[in-house]
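Hi,

Here is the structure I promised to pass along. My notes follow underneath.

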Amino acid sequence: MTYEAFFEKVKGQFMEADVSDIKEHLAYQFNIVGEAEGIFYVEVKDGKLYVEPYEYYDRDAVFIASADTLMKISEGKLDPVKAFTFRKLKVEGSIDKALKLKDFIQSKK
């Protein structure tokens with residue numbers, strides 16, 4: 001799978017999240033390693049969701065994983081905390097804000 005194909009698919013998964021109740025600013029960068037290698041970010045700002053194929057410098061947390069792991073997380077098939085525990089997901093930055101990824105994913109419309 002190419003990065004472009006992966007990004008379009010994962011963006012669709014993330015865009016299903018209902019962020020209207022999230023009042024705080026969240027900015028996550030995802031670094032995909034291995035197949036479909038690349039970077040993208042997810043930002044929640046003023047109750048709106050943005051998913052873009054760029055690096056985000058003012059981020060709260062960085063998640064590093066394979067495309068397969070990130071896809072399973074975005075689809076709700078893999079708990080991000082379990083992925084971290086089993087070392088399939090690395091996290092850098094604010095752990096408090098990183099833990100909110102689970103709630104964010106479970107808020108799909």
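**The β2 hairpins and E4**

Strands β2 and β3 make a hairpin with two residues between them, and D46 in that turn has a positive phi of about 55 degrees. Before you dig in: this is a predicted model, where local features need pLDDT of at least 70, side-chain atom pairs count only at pLDDT 80 or more, and totals for chains, interfaces and linings use all residues. Residues are numbered from 1 along each chain as its sequence is written, and side-chain values use heavy atoms, with hydrogens and water left out.

Strands here are DSSP runs of E with at least two residues, helices are runs of H or I with at least four, and both are numbered from the N terminus. Two strands pair if DSSP finds at least two bridges between them.

Back to that hairpin: β3 covers residues 48-52 and runs antiparallel to β2, with five bridges joining the two. One of the contacts is V44, whose bridge partner in β3 is L49.

On the other side of the story, β1 (residues 26-33) pairs with β2 in the antiparallel sense over seven bridges. I32 has G38 as its bridge partner in β2. These two strands also form a hairpin, this time with four residues between them, and G34 in the turn has a positive phi of about 85 degrees.

β2 itself (residues 38-45) is mostly covered, with six of its eight residues buried (buried is under 20% relative accessible area, exposed over 50%, partly exposed in between, using a 1.4 Å probe and protein chains only).

Lastly, E4 sits in helix α1, residues 3-14. E4 counts as exposed because its relative accessibility is 54%. Its C-alpha lies 7.8 Å from that of A36, with 32 residues separating E4 and A36 in sequence.

Cheers
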